[in-house]
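Reader: I have a protein model to look at and I am not sure where to begin. Could you take me through its features one at a time, with the general idea before the particular case?

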Amino acid sequence: MPYRDSSPAITDLLGGQIEMMFTMVASVAPYLQSGKLRTIAVTSAARTPAMPGVPTVAEGGVPGYVAESWYGLYAPAGTSPEAVQRLLGAVRKAVAGESFKKRVEEEGLVVTAAGPQELATYVAAERARWAKVVRDARITDN
């Protein structure tokens, strides 16, 4: 069942209107800590450091299953390579900080501060993977 965001889905999950949901760890962390919800699996390729005892969906019996959320930092097309490198340096410095590392780990996130080519390669692979899912499932916009 599609929801606009996680809040109403969490409400329905807690109220028993739905039996399960996919969401980010951060959105349900208080309910996991209180025992009101339990984690069945993570959708990443590898287990998350925040919940090392929780298997991946692939480990749970769906080989090859990976559905990860990701973010990319983009700049206008004409941005100079020097400016891009300065931005990348600032990002790498920020993600190396202990407070940042602790915060993202608590939220179940894994951060990689790769360069522009690595991001382009990742985006191309994601686009191809999800295009195949859409084709195979015959998903349309109708």
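Author: Let us start with how a helix is turned into a line, since angles and distances depend on that step: an axis is a line fitted to C-alpha atoms, for helices over the stretch in contact, and angles run from 0 to 180 degrees between N-to-C directions. Please keep in mind throughout that this is a predicted model.

Reader: Before we come to the angles, how many helices and how many strands does the secondary structure of the protein have?

Author: The count comes to five helices and zero strands, so that, read along the sequence, the pattern is α-α-α-α-α. The C-alpha trace spans about 55 × 40 × 30 Å along its principal axes, and of the 142 residues of the protein, 18% count as buried. Among contacts between residues at least 6 apart in sequence, 33% join residues at least 24 apart.

Reader: How should I describe two helices that pack together, and at what angle do α1 and α2 pack?

Author: Two packed helices are described by the angle between their axes and the distance between the axes. For α1 and α2 the angle is about 25°, and the axes are 11 Å apart. Angles under 35 degrees count as roughly parallel, and α1 and α2 are therefore roughly parallel to each other. Their crossing is right-handed.

Reader: Which residues of α1 and α2 meet there?

Author: From α1 come Ser 6, Ile 10 and Leu 14, and in α2 they meet Ser 27, Val 28 and Tyr 31. Sorted by class, the residues of this contact are four nonpolar, two polar and no charged.

Reader: Which residues of helix α2 are buried, and where do they lie around the axis?

Author: In helix α2, which runs over residues 25–34, the buried residues are Val 25, Val 28 and Ala 29. They lie on the same side of α2, because they cover an arc of only 150° around the axis. The buried residues of α2 pack against α1, residues 6–15.

Reader: Now I would like a second pair of helices to set beside that one. At what angle do the axes of α3 and α4 cross?

Author: Helix α3 covers residues 81–96 and helix α4 residues 98–106, and their axes cross at roughly 70° and come within 5 Å. Angles of 65 to 115 degrees count as roughly perpendicular, and this is therefore the description that fits α3 and α4. Ala 94, Val 95 and Ala 96 of α3 make the contact with Glu 98, Phe 100 and Lys 101 of α4, and these residues divide into four nonpolar, no polar and two charged.

Reader: What should I know about the backbone angle phi, and which residue takes a positive phi just after α2?

Author: Most residues other than glycine have a negative phi, and most peptide bonds are trans. Just after α2, Gly 35 takes a positive phi of about 85°. Arg 138 is not a glycine, and yet its phi is positive too, at about 55°. Arg 138 is found in the segment after α5, residues 116–136, and it is exposed, with a relative accessible area of 73%.

Reader: I would also like to read a loop. Is Thr 56, in the loop between α2 and α3, buried or exposed?

Author: A residue counts as buried when its relative accessible area is under 20%, and Thr 56, at 3% relative accessibility, is therefore buried. Leaving aside its neighbours within four places in sequence, Thr 56 is in contact with Ala 41, Val 42, Ser 44, Ala 45, Ala 46 and Arg 47.

Reader: What about Ala 58 and Gly 60, which have their place in that loop as well?

Author: Ala 58 counts as partly exposed, at 27% relative accessibility. Beyond its neighbours within four places in sequence, it is in contact with Pro 63, Gly 64 and Tyr 65. Ala 58 and Thr 43 are 15 residues apart in sequence, and 7.9 Å separates them in space, C-alpha to C-alpha. Gly 60, at 65% relative accessibility, counts as exposed, and its C-alpha atom is 9.6 Å from that of Val 42, 18 residues apart along the chain.

Reader: Finally, where does Asn 142 lie?

Author: Asn 142 lies in the segment after α5, and it is exposed, with a relative accessible area of 83%. The C-alpha atoms of Asn 142 and Leu 73, which are 69 residues apart along the chain, are separated by 32 Å.

Conventions
Residues are numbered from 1 along each chain as its sequence is written. This is a predicted model: local features need pLDDT of at least 70, side-chain atom pairs count only at pLDDT 80 or more; totals for chains, interfaces and linings use all residues. Side-chain values use heavy atoms; hydrogens and water are left out. Buried means under 20% relative accessible area, exposed over 50%, partly exposed in between (1.4 Å probe, protein chains only). Helices (H or I, at least four residues) and strands (E, at least two) are DSSP runs, numbered from the N terminus. The arc is that of the directions from the helix axis to the C-beta atoms. Contact means heavy atoms within 4.5 Å. Angles under 35 degrees count as roughly parallel, over 145 as roughly antiparallel, 65 to 115 as roughly perpendicular and the rest as oblique. A crossing is left-handed if the near helix is turned anticlockwise from the far one by less than a right angle, and right-handed if clockwise. Ala, Val, Leu, Ile, Met, Phe, Trp, Tyr, Cys and Pro count as nonpolar, Asp, Glu, Lys and Arg as charged, and the others, Gly among them, as polar.
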